[in-house]
Amino acid sequence: MMRQYEMTDLGLLHHFLGLGVLQTDSCIFLHQKKYAKTLLDKFGLKDCKSVATPLAVNEKLSKVDGSDLADETLYRQMVGSLLYLTATRPDIMFASSLLARFMHNPTKKHMGTAKRVLRYIQGTISYGIAYEKGKGAVLIGYCDSDWSGSEDDMRSTSGYAFNLGSGVFSWASIKQSSVALSTAEAEYMSAAEATTQAVWLRFVLSDFGEEQVESTQLLCDNTSAIAISKNPIHHHKTRHINRRFHFIRDALQNGEIDLLYCKTEEQVADIFTKPLARDRYEYLRKALGVISAQHLEGSVGL
């Protein structure tokens, strides 16, 4: 390009649309430390005491919780800012998505929960996603659900994550569109959501010259959901499930995905479906590839 156009080489990329980029010999590290500091200043939490997890264990939020109404404009600004921060912080994806369900008439309890997430950011402000060099470009996915996690309508929460051998690059935490009658059904619907994403990612990767020759492994921790996807004989148990969720069966037959079992302890997507205890949360956060800049080789400072 420099031979064809008059341009200046400014060296390695360091910042892009609020994202910080650190490039070392072994990895690329993406973070939003500067943006996170701006949020803490904006919402008056610059010197707040940090917490170890964004949500308390078994935290349940509902539209009517008995507390007074909070400032709706301030709450929306806070949650909107947290959602932008999830670009490099999948560890707060579930908390941010949960808070986003209460944009209309938020209560003081909702506001307090949002501030707790910011207090968590205070203690992990230098964290980001590390993508290691030299890993094989093999797409692997995880999917999970929390049955009837919503207090208001008893709908379940789906979560999925995809990586290419190191840090995750695609993830989501979504409330399901209908009520699941069992944990197996909730997991099956979650696997179907993850399958649509896997098929699209395979298409994008092939455009980049990284065609996935083998079936994409999609790891699920529910054997019943796997059985439903591979055995159409379960008709009496699945006839009420929306037809679009059976898309997973076509993907299996076409060899695009392979739904496999993994232990619950190793289910990375668990962090996108419910609040977790500190030890479990920190283990899964590391599995996502979310680490502190100080843990990078050579202890790079931001």
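A polar contact is a pair of N or O atoms within 3.5 Å; within protein, one must be able to donate a hydrogen and the other to accept it, and residues adjacent in sequence count only if both atoms are side-chain atoms. One such pair places the backbone nitrogen of Ala269 at 3.2 Å from a polar atom of the Gln267 side chain. The model is predicted, so that local features need pLDDT of at least 70 and side-chain atom pairs count only at pLDDT 80 or more, while totals for chains, interfaces and linings use all residues. Residues are numbered from 1 along each chain as its sequence is written, and side-chain values use heavy atoms, with hydrogens and water left out.

**Gln267**
- Gln267 lies in the loop between strand 9 (257–261) and helix 9 (278–287), where helices (H or I, at least four residues) and strands (E, at least two) are DSSP runs numbered from the N terminus.
- Gln267 is buried, with a relative accessible area of 0% (buried means under 20%, with a 1.4 Å probe and protein chains only).
- Leaving aside neighbours within four places in sequence, Gln267 is in contact (heavy atoms within 4.5 Å) with residues including Tyr142, Asp144, Asp221 and Arg280.

**The sheet**
- An open sheet of five strands follows the order 7-6-5-8-9 with mixed pairing, two strands being paired if DSSP finds at least two bridges between them.
- Strand 7 (168–175) and strand 9 stand at the edges with a single partner strand each, so one side of each is left without a neighbour in the sheet.
- Strand 5 (residues 140–146) and strand 8 (residues 216–220) run parallel and are joined by three bridges, and Gly141 has Leu218 of strand 8 as its bridge partner.

Note on methods:
Buried < 20%, exposed > 50% of the residue type's maximum accessible area, 1.4 Å probe, protein only.
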